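Work through the exercises below with the coordinates open. Each task is followed by a stepwise solution.

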Amino acid sequence: MSLPLIGILRGVTPTDVVEIADAVLAAGITQIEVPLNSPEPLDSIRLLVDAFGERAVIGAGTVLTTAQVRDVHAAGGRLIVSPNCRPAVIEETHRLGMASWPGIVTPSEAFDALDAGATGLKLFPAVQVGLEGMKAVRAVLPKGTLLYAVGGVGVDNFAEWRTAGVDGAGLGSALYKPGQSAAQVGQQAQALVDAWQAARQ
């Protein structure tokens with residue numbers, strides 16, 4: 001079973017993306033997003049789909065429009081992650097058979113996202129909402145709703161977030177920063193995976 005972790009490769013370039021992603025996959029993280037504010041993100045997504053499409057879910061982050069959803073789909077992506085909740089973006093993602101992870105903070109956003117067909121919810125920024133805020137949102141969500149924490153979640157606090165009720169996490173700067181080597185990213189990925197598994201309830 002794949003881990004409920006999404007690797008966020010913000011700022012990665014097409015030149016480096018395959019080697020970096022290979023290190024992330026080797027640690028056991030099999031969902032990878034290339035944010036669309038990265039250099040030539042669609043080229044990176046195409047390269048990742050060609051290299052790893054059979055064993056990983058590849059897609060884009062920072063997806064804000066329905067046109068971007070279609071662009072990612074055309075590049076072979078199967079994962080759409082957004083920092084916000086736009087029902088039209090979620091509906092287009094759902095229509096194209098892709099996984100949809102919109103960003104939410106409030107119960108209103110959460111229910112709008114679920115009504116539009118979201119696969120799961122991205123609590124973002126988790127560090128701003130905090131554990132108590134997350135628990136308040138979690139308490140009103142329908143049973144079985146997947147809630148991933150993104151932003152300020154990592155090795156030092158996975159246990160707290162898992163105990164409080166999150167199902168997974170998106171891993172950004174703790175996993176990858178532009179300019180880091182594949183070896184360094186691999187070490188960071190393994191540390192994150194180990195910490196997530198150690199925090200198992």
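Contact here means heavy atoms within 4.5 Å. The model is a predicted one.

**Exercise 1.** Leaving aside neighbours within four places in sequence, list the residues in contact with Leu 175, then place Leu 175 in the nonpolar core.

Solution.
1. The contacts on the N-terminal side are Gly 7, Ile 8, Leu 9, Val 24 and Ile 29.
2. Gln 180, Val 185, Gln 188, Ala 189 and Leu 192 are also in contact with Leu 175.
3. The largest nonpolar core has 61 residues, and Leu 175 is, with Leu 9 and Phe 158, among those with the most contacts inside it.
4. Helix H8 (residues 182–198) gives the most to this core, seven residues.
5. A second core, separate from that one, has five residues, including Ile 6 and Tyr 148.

**Exercise 2.** Describe the lining of the largest pocket.

Solution.
1. The volume of this pocket is about 280 Å³.
2. It is lined by 16 residues, of which Ile 8, Phe 124, Val 150, Gly 151 and Gly 172 are the closest to the centre.
3. By class, the lining has six nonpolar, seven polar and three charged residues.

**Exercise 3.** Arg 70 forms a salt bridge with Glu 92. Are Arg 70 and Glu 92 buried or partly exposed?

Solution.
1. The closest N and O atoms of the pair are 3.3 Å apart.
2. Arg 70 lies in helix H3 (residues 66–74) and Glu 92 in helix H4 (residues 87–95), 22 residues apart.
3. Buried means under 20% relative accessible area.
4. Glu 92, at 11%, is therefore buried, while Arg 70, at 39%, is partly exposed.
5. Both belong to a network of salt bridges with Arg 95.

Note on methods
Residues numbered from 1 in each chain as written. Predicted model: local features only at pLDDT ≥ 70, side-chain atom pairs only at ≥ 80, totals over all residues. Heavy atoms only, no water. Core = buried A, V, L, I, M, F, W, Y, C linked by side-chain atoms within 4.5 Å. Buried < 20%, exposed > 50% of the residue type's maximum accessible area, 1.4 Å probe, protein only. Helix = DSSP H or I, 4+ residues; strand = E, 2+ residues; numbered from the N terminus. 1 Å grid on protein atoms, 1.4 Å probe; cavity = no way out; pocket = protein on both sides within 12 Å on 5 of 7 lines; lining within 4 Å. Points joined across faces, edges and corners; volume = space filled by probe spheres on them. Nonpolar A, V, L, I, M, F, W, Y, C, P; charged D, E, K, R; others polar. Salt bridge = Lys/Arg side-chain N within 4 Å of Asp/Glu carboxyl O.
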